[in-house]
Amino acid sequence: MPDFIWLALAGALLITLMSAPVGAFMLWRRMAFVGDALAHTTLLGLGIGLWLQIPIQLSLLLVSVIVAVSITRIHQRNNLSTDTFIAIAAHSSLALGMLVVTLLPEARIDLMGYLFGDLLNLTMQDIWGLLIASLLTLSILYRYWQGLILTCLNAELARLAGHDTQKLNLILALLIALIIALSTKLVGALLITALLITPAAIARRWSQTPIGMIQGAIVISWLAIAIGISLSWHFDLPVSPAIVAVLFAGFIASRALTNQNKL
Amino acid sequence: MNHDHYPVLIQARQIGHSFSQAPLFIDVNLDVFAGEYLTLIGLNGSGKSTLLRILLKLIPPNTGKVSSKEGLHIGYVPQRWHPDYQLPMTAEALLTLSKPKNSTNTLVEQLIDTWQLNSFAKQQIHTLSGGQWQRLLLARALINSPQLLALDEPTQGLDLKSQHDFYQQIAQLHQQGMSILMVSHDLAHAMSYSQRVVALAEGSICCQGTPLEVMNSPIYQQRFICAHTPQCTHH
C-alpha cells in the first residue's frame, strides 16, 4: 500500500480518538447541531485567514472558538434561544465567509476541498499536530470525566457535587471547536461533523456504559474510514463522501439489527 | 417545635428573586435547622422550587444573602426528570459515579442492599420505572452521608403506594437524625410528616409553624383552601 494511505489511516485514527468521545458527549448533551454550526463557521475562518494572511488553521480555530464560546454564554444566560443563535451563527458566518472569499480576487479557494477535505494528502506534520491535539483532548476528558458525565445527567446534581458546570460547558464547547478547526482542512467540514455524530449514534445501540459507547464509536469511525478509503481506492471515488456513505449505511444497518425506534 | 437550641444549617436573609422581570418573591427570611423536617408548600408558580434552589446555592438570588454551615453535606433529589436514552448507564454505575473519590465500591454495594436496588442495579437507568428511579436518586443523594437531605417534589408522578413508601423512607431517615428540607405540592403529606411547614403565597412566606399552627392559620385557609372552595367562609 502506498505511504499516503498509511498516513491517511494513521491520521484518521488520531481524529477518531478526538471525534468519538467528544461526539458522544454532543449526543448526551443533545448538541448535535452545535457541531454542524461550527463546521459552517469554518468558511468564515478560512476567509478571514486569507484576508489577514495568517495561518488558516489559526483563523479557523479563532472563529470556531468565538462561536463556541458565544453559544455557551447564550445558553447559560438564556436570554436568546440557543437553537435560534446556532442557526443564525451558522448561516451568517457561511454567507460572510463566502463574501470575504469573493472580495479577495487573489484568493483561490477550493470549496470542494473545504467541504470534503483531502484525507489522502496528510503530511507527517499533520500527523504530529493531530497526535498532540488527540492527547490533549483525551487528557482533558479524563481530568473532567466525572463532572462532564454528571452534567449530562443533570446539571444541578453536578453543581451540588461541587462541579463548575459553566466551566465544564465551556471546556466541551472549546473541545468541539478545536476538533472542527483542526480537522476541517484535513478531512473537510462534511466528514468531521459526520464523524462526530454518526459513530456515537451507531455505538449507542450496542452500549451499556459511557466508556463502552466511546470505545464503540472509535472502532466504528475507524472501520468506516478504512472501508471508505478502500472503496475510494478501488472505485476511484472521492474519499470523504465514501466514508460518510459507509457511516450512513452502518447507521441504517444498526437500526435494522437492533430494532429500536429511538435516534 | 422550638428551634432556638438547634444549630442553623442554612440561613437566608431578605431574599428577593424575579423571573423574566416579574417578581417571584421579595424579602424572604428563612432558617433551616439541624434535625428538623421542613416542608415548603405553595401553589403552582409560587416559587417554592426556586427558593429551594436558592437555599441550596444552585442559583444566586437577585437580592439578599444565603449562608450555610461550614462543611455542610447536602444530599439532593431534584425535581423529577426522566434520564435520557442517549446516555448509557446502569443504576449501579450511577451510584459509582457519584461516590466520594476516596471511598470504595463497598459503599455502593451497601447502598444497593439498604435501599433494595438489587433487582434493577444492572438495568439501564432510562428503563427504570418512576418508583425505581426515585429510589435510586434517593440512594444516590445519601452516598456522601449528608446532614441535610433536600428534595424537590419527589413524589410527583408516582402512584399512591410508591408515594407512601417514599414518604415512609424519608420519615425513617429523619428519625435517624437527618434534616429534611422538602418542596411539596402535597398538602396531606406536608401536614402528616413535617415538623415545620412554610407556606409561600403571592411573593412571600404567608405563614409558617407546625402543621397544626399552619392549618389553623386564617391566611393559610384563605390562600390554600378557599382558593379551591367557592363556598369557603374564611374570606
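Two strands count as paired here if DSSP finds at least two bridges between them. Keep that in mind for the first stop, and remember throughout that this is a predicted model.

**Stop 1: the middle of the six-stranded sheet, chain B**

Select residues 37–42 of chain B, which make up strand 3, together with residues 179–183, which make up strand 7. The two strands run parallel and are joined by four bridges. Zoom in on B:Thr39 and you will find B:Met182 of strand 7 standing opposite. B:Leu38, for its part, faces B:Leu181, also in strand 7 of chain B.

Now add residues 196–201 of chain B, strand 8. Strand 3 runs parallel to strand 8 as well, with five bridges between them. Which residue of strand 8 is the bridge partner of B:Ile41? The partner is B:Ala199.

Stay with strand 3 and look at its surroundings. In a regular strand the side chains alternate between the two faces of the sheet. On one side of strand 3 of chain B are B:Tyr37, B:Thr39 and B:Ile41, on the other B:Leu38, B:Leu40 and B:Gly42, and all of these are buried. With six of its six residues buried, strand 3 of chain B is therefore largely enclosed by the rest of the structure.

Next, show the whole sheet. Its six strands lie in the order 5-6-7-3-8-9, the sheet is open, and the pairing is mixed. At the edges are strand 5 and strand 9 (204–209) of chain B, each pairing on one side only. Direction ignored, neighbouring strands here are turned by 15 degrees against each other on average.

**Stop 2: helix 4 of chain B**

Select residues 130–141 of chain B. This is helix 4, whose 12 residues reach 16 Å from the first C-alpha to the last, close to the 16 Å expected at 1.5 Å a residue. The helix packs on the six-stranded sheet, where it touches strand 5 and strand 6 of chain B, and its direction makes about 165 degrees with that of strand 5.

Is helix 4 of chain B mostly covered or mostly uncovered? Mostly covered: nine of its 12 residues are buried. Among them are B:Trp133, B:Gln134, B:Arg135 and B:Arg140. To see what surrounds the buried residues of this helix, display strand 5, helix 2, helix 3 (105–114), strand 6 (148–152) and helix 5 (160–175) of chain B, which they pack against.

**Stop 3: the three-stranded sheet of chain B**

Chain B has another open sheet to visit, with three strands in the order 2-1-4 and antiparallel pairing. Strand 2 (22–33) and strand 4 (63–68) of chain B each have a single partner strand, so one side of each is left without a neighbour in the sheet.

Select residues 8–19 of chain B to highlight strand 1, which pairs with strand 2 over eight bridges in the antiparallel sense. One pair to label is B:Ile10 and its bridge partner in strand 2, B:Val32. Then add residues 48–55 of chain B: this is helix 1, lying across strand 1, strand 2 and strand 4, and running at about 130 degrees to strand 1.

**Stop 4: where the chains meet**

Colour the two chains separately and turn to the contact between them. Chain B contributes 17 residues and chain A 21 residues. On the chain B side, strand 5 (74–77) and helix 2 (91–98) each supply at least two residues. The largest share of that side, three residues, comes from helix 2 of chain B. What kinds of residues does chain B bring to the contact? Its side divides into 13 nonpolar, three polar and one charged.

**Stop 5: chain A**

Hide chain B. Chain A has 12 helices and zero strands. Its radius of gyration is 18 Å, close to the 18 Å that the globule rule gives for 263 residues, so chain A is as compact as a globular protein of that length. Its C-alpha atoms fill a box of roughly 55 × 40 × 35 Å along the principal axes. Of the 263 residues of chain A, 48% count as buried.

Finish by selecting residues 239–258 of chain A, helix 12. At 1.5 Å a residue its 20 residues should span 28 Å, and its end C-alpha atoms are 29 Å apart, which agrees. The buried residues of helix 12 of chain A include A:Val239, A:Ile243, A:Leu247 and A:Phe251. Display helix 5 (111–116), helix 9 (165–187), helix 10 (189–204) and helix 11 (210–235) of chain A to see what the buried residues of helix 12 pack against.

How values were computed: Residues are numbered from 1 along each chain as its sequence is written. Chains are lettered from A and ligands numbered from 1 in the order in which they are written. This is a predicted model: local features need pLDDT of at least 70, side-chain atom pairs count only at pLDDT 80 or more; totals for chains, interfaces and linings use all residues. Two residues are in contact if their C-beta atoms, placed from the backbone, lie within 7 Å. Ala, Val, Leu, Ile, Met, Phe, Trp, Tyr, Cys and Pro count as nonpolar, Asp, Glu, Lys and Arg as charged, and the others, Gly among them, as polar. The expected span of a helix is 1.5 Å times one less than its number of residues. A residue is buried if 20 or more other C-beta atoms lie within 10 Å of its own, exposed if 12 or fewer, and partly exposed in between; C-beta atoms are placed from the backbone. Axes are lines fitted to C-alpha atoms, for helices over the stretch in contact, and angles run from 0 to 180 degrees between N-to-C directions. The radius of gyration is taken over C-alpha atoms; the globule rule is 2.2 Å times the number of residues to the power 0.38.
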